[in-house]
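Grab a pencil and work through these exercises with the model open beside you. Each task comes with a solution that goes step by step.

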Amino acid sequence: MTSLQGKVALVTGASRGLGEGVARALAKAGAGVMLVSRSGEASAAVAREIAGAGGRAEAMGCDVADYAGVERAVSAARQRFGRLDILVNNAGVIEPIAELVSSDPAAWADSIRINLIGAYNAVRAVLPGMVEAGGGTIVNVSSGAAYRPLEGWSAYCSGKAGLAMMTRAIVLETPDRGLRVFGFSPGTIDTDMQVKIRASGVNMISQIPRENLTPVEHAVRGLVYLCDGAAADDLIGQDVALRDEAFRKRIGL
Ligand code: NAP
């Protein structure tokens, strides 16, 4: 039995890709899971499969850029499962892929609204309850793009860089509250996001052949490790990278 038995997690961006994988893995380990994405039906389909396999899962349509919607999802999770212990702040978009000089200002702002403000919204909505409960785990899904500019990705890189700083800000402001806060960079994983990146042909990431991408299951394993109990506590506050050799060893990769 893992320490996830009986815990409850909110996973954003859970309709596909990394979020879907993490939601399934957390449920399998015994956690109740609230899955959210803009497409409520796609998340609901995953939740039904989890429930069909004996897990506890609910789903809601929710745009993380809309604070009121995020609050509703957090309330629904607490109402349905009676508690909320874990936030997997995973929802994200790669668009717009465009050089800054010709980028669409509205699309650029939308990217920040999802990748940075959306992540803030989720943290802001769960944090008071976690502080009151005396603990909780937050994993902000980060990226190497937080630290390295890539051509055509000015919005994505800026949003992820802001998110990495927000992870540090939460840690700074909430010492001794029992909170476990991490960033987690999954590396280049084989999801729909990489399909869009390959199709763009822009920058070196788009040139990585699909067979060289990291399997989603490896990133899921790393993320669940951070959520599960005290084994990862020495990594609290860090932006943990799946490609880090010492971390890979810890999770058996
Ligand atoms: P993905 O396959 O495109 O899935 C993205 C998920 O986020 C979907 O469930 C999507 O559902 C949801 N989403 C997007 N915008 C949303 C919004 N405004 N509100 C709620 N949900 C939203 O991408 P992925 O590769 O799994 O990426 C997951 C996370 O890993 C992202 O934060 C991404 O930046 C990060 N990451 C990925 C890679 C990679 O190589 N794939 C590398 C580094 C970091 P809807 O469209 O239905 O909303």
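**Exercise 1. Find how the axes of helix α1 and α2 lie, then look at what touches.**

Start with the axes: those of α1 (residues 17–28) and α2 come within 10 Å of each other, crossing at roughly 25 degrees. Axes here are lines fitted to C-alpha atoms, for helices over the stretch in contact, with angles from 0 to 180 degrees between N-to-C directions. Helices (H or I, at least four residues) and strands (E, at least two) are DSSP runs, numbered from the N terminus.

Next, put a word to the angle: α1 and α2 are therefore roughly parallel. (Under 35 degrees is roughly parallel, over 145 roughly antiparallel, 65 to 115 roughly perpendicular, and the rest oblique.) The crossing of α1 and α2 is right-handed, which says that the near helix is turned clockwise from the far one by less than a right angle; anticlockwise would be left-handed.

Now the residues: from α1 you have Glu20, Ala23, Arg24 and Ala27, and they meet Val46, Glu49 and Ile50 of α2. Contact means heavy atoms within 4.5 Å. Sorted by class, this contact of α1 with α2 holds four nonpolar, no polar and three charged residues. (Ala, Val, Leu, Ile, Met, Phe, Trp, Tyr, Cys and Pro count as nonpolar, Asp, Glu, Lys and Arg as charged, and the others, Gly among them, as polar.)

A word on what you're looking at: this is a predicted model, where local features need pLDDT of at least 70 and side-chain atom pairs count only at pLDDT 80 or more, while totals for chains, interfaces and linings use all residues. Residues are numbered from 1 along each chain as its sequence is written, and side-chain values use heavy atoms, with hydrogens and water left out.

**Exercise 2. Write down the strand order of the open sheet and find its edges.**

Read across the seven strands and you get β3-β2-β1-β4-β5-β6-β7, with parallel pairing. Two strands pair if DSSP finds at least two bridges between them.

At the edges stand β3 (56–61) and β7 (239–241); each has a single partner strand, so one side of each lacks a neighbour in the sheet. On average, neighbouring strands of this sheet are turned by 20 degrees against each other, direction ignored.

Check the β7 edge: β6 (residues 179–185) pairs with β7 in the parallel sense over three bridges, and Gly183 has Asp239 in β7 as its bridge partner. Toward the other edge, helix α2 (residues 40–52) lies across β2 (32–37) and β3, at about 175 degrees to β3.

**Exercise 3. Is strand β4 buried or exposed on its two faces, and which strands does it pair with?**

Begin with the side chains. In a regular strand they alternate between the two faces of the sheet. In β4 (residues 86–89), Ile86 and Val88 are on one side, Leu87 and Asn89 on the other, and all of them are buried. (Buried is under 20% relative accessible area, exposed over 50%, partly exposed in between, using a 1.4 Å probe and protein chains only.)

Then the partners: β1 runs parallel to β4 and is joined to it by three bridges, with Val11 opposite Val88. β5 (residues 136–141) is parallel to β4 too, through four bridges; there, Thr137 is the bridge partner of Ile86.

**Exercise 4. Describe the pair α4 and α5.**

The axes of α4 (residues 105–133) and α5 (residues 154–173) come within 7 Å and cross at roughly 20 degrees. That makes α4 roughly parallel to α5, and the crossing is right-handed. Among the residues making this contact are Trp108 and Leu127 of α4 and Tyr156 and Met166 of α5. By class, the contact of α4 with α5 has 12 nonpolar, six polar and no charged residues.

**Exercise 5. Track down the unusual backbone spots.**

Keep the background in mind: most residues other than glycine have a negative phi, and most peptide bonds are trans.

- Glu95 and Pro96 are joined by a cis peptide bond, with omega about 0 degrees; Pro96 sits in the loop between β4 and α4.
- Asp176 has a positive phi, near 60 degrees. You'll find Asp176 in the loop between α5 and β6, exposed at 81% relative accessibility.
- Asn203 also isn't a glycine, yet its phi is about 65 degrees. Asn203 lies in the loop between α6 (192–200) and α7 (216–227) and is buried, at 11% relative accessible area.
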